[in-house]
Amino acid sequence: MGLFSKLFGSKKKESNKYKIGMNKTRTGVLGNLKKLLSSKSIIDDELFDDLEEMFIMADIGVDTVVSFMDDIKDEVKIQGITDPSLLQQIIVDKMFEIYLKGEVVDANLNEVEGLNVYLFVGVNGVGKTTTIAKLANKLKKEGKKVLLAAGDTFRAGAIEQLCVWGERIKCDVVTKEAGSDPSSVIFDAIQKAKKEKYDVLICDTAGRLQNKVNLMKELEKIKRVISREVPNAPHETLLVIDATTGQNGMSQAKIFMETTDVSGIVLSKLDGTAKGGIVLAIRNELGIPIKFVCLGEKVDDIEVFDIEQYIYGLFADFFDEE
């Protein structure tokens with residue numbers, strides 16, 4: 001049956017990164033799923049209520065869960081299912097459908113010939129600077145020449161942190177003193193990237209939400225500078241969300257979507273939460289694809305998002321054969 005058969009019907013190649021990285025969600029909130037389904041002899045409203053509560057606790061989001069449960073109930077009726085254990089197949093397939101929405105979701109970065117400019121946004125504390133370093137390291141390993149721009153001039157600590165990461169991954173960083181105009185840092189970085197023929201420029205930005213008007217103006221100015229200097233850039237505007245913040249992260253995402261054209265999500269600290277269901281809430285409620293997930297603290301712990309491996313990471317312990 002659909003994705004369930006593909007992932008769990010026969011022995012498949014495991015993605016240890018997802019399986020290990022999503023252990024907290026799999027053994028935490030969703031840890032009682034198999035027990036719940038096996039303890040019931042019939043499919044009734046009580047079972048649906050228990051499932052609904054479990055999925056909400058996993059941070060899939062109330063609106064998404066309500067729609068998700070309606071789809072499950074409809075499928076139960078259509079197939080005439082009475083055995084609760086068979087719900088596991090429907091749950092997996094419907095999660096897959098929630099994410100895809102009948103579309104081909106491309107998690108790869110938009111790439112062009114010449115200089116690619118990727119703009120990073122997100123509130124302070126979500127792991128934005130570390131995530132930038134992880135992506136830069138990944139792109140370098142793929143053979144690309146990468147430059148970083150320390151555009152979060154509001155915090156001196158952000159500039160220093162990016163410079164430390166630059167030294168660690170052997171990546172040049174364009175900086176100015178704290179308090180400088182962020183767009184001037186980005187401008188200088190673009191000139192350097194053009195002159196020295198870099199493949200990728202990754203730009204950090206400030207993450208303060210206290211004054212949304214200022215944030216909007218700052219991001220708009222940065223984007224004007226980028227698009228003026230590099231046609232059709234930025235090629236991606238990536239919003240970093242801390243998976244451990246759950247629905248608060250969703251609120252942050254909505255604010256940034258109001259202030260700039262977010263093209264993709266990078267989900268940090270997915271290994272640190274028992275509420276990894278936020279992936280489905282982001283896609284269903286915001287309609288934005290997740291491009292990357294961070295599944296650990298090491299510089300290599302960043303993966304291109306794969307919905308199949310994500311769902312496998314959620315349910316591997318439950319449905320794999322002993």
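## The largest pocket

Helix α8 (residues 128–141) is the biggest contributor to the lining of the largest pocket, supplying 3 residues. This is a predicted model, and the pocket has a volume of about 190 Å³. Its lining is made up of Gly127, Thr130, Thr131, Lys134, Ser268, Lys269, Asp271, Gly272, Cys294, Gly296 and Glu297.

If you are thinking about chemistry, the lining splits into 6 polar, 4 charged and 1 nonpolar residue.

## Strand β4 and its partners

Let's move on to the strands. β4 (residues 200–203) pairs with strand β1 (residues 116–121) in the parallel sense, over 4 bridges. Here Asn116 has Val200 of β4 as its bridge partner. Strand β2 (residues 146–149) also pairs with β4 in the parallel sense, again over 4 bridges, and Leu147 stands opposite Leu201.

In a regular strand, side chains alternate between the two faces of the sheet. In β4, Val200 and Ile202 lie on one side, with Leu201 and Cys203 on the other. Both faces are covered, and these four residues are all buried.

## Two nonpolar cores

The largest nonpolar core holds 85 residues, and those touching the most other members are Leu51, Phe55, Met95, Ile202 and Tyr310. Helix α7 (residues 87–100) gives the most to this core, with 8 residues. A second, separate core has 18 residues, including Val185, Ala189, Ile190 and Leu201.

Phe55 is a good residue to click on. Setting aside neighbours within four places in sequence, Phe55 is in contact with Leu30, Ile60, Val65, Phe68, Met69, Ile91 and Met95.

Conventions: Residues are numbered from 1 along each chain as its sequence is written. This is a predicted model: local features need pLDDT of at least 70, side-chain atom pairs count only at pLDDT 80 or more; totals for chains, interfaces and linings use all residues. Side-chain values use heavy atoms; hydrogens and water are left out. A nonpolar core is a set of buried Ala, Val, Leu, Ile, Met, Phe, Trp, Tyr and Cys residues joined through side-chain atoms within 4.5 Å. Buried means under 20% relative accessible area, exposed over 50%, partly exposed in between (1.4 Å probe, protein chains only). Helices (H or I, at least four residues) and strands (E, at least two) are DSSP runs, numbered from the N terminus. Contact means heavy atoms within 4.5 Å. Two strands pair if DSSP finds at least two bridges between them. On a 1 Å grid over the protein atoms alone, a cavity is a set of points where a 1.4 Å probe fits but cannot get out, and a pocket is an open set with protein on both sides within 12 Å along at least five of seven lines; lining residues have an atom within 4 Å of a point. Grid points are joined across faces, edges and corners, and a volume is the space filled by probe spheres set on the points. Ala, Val, Leu, Ile, Met, Phe, Trp, Tyr, Cys and Pro count as nonpolar, Asp, Glu, Lys and Arg as charged, and the others, Gly among them, as polar.
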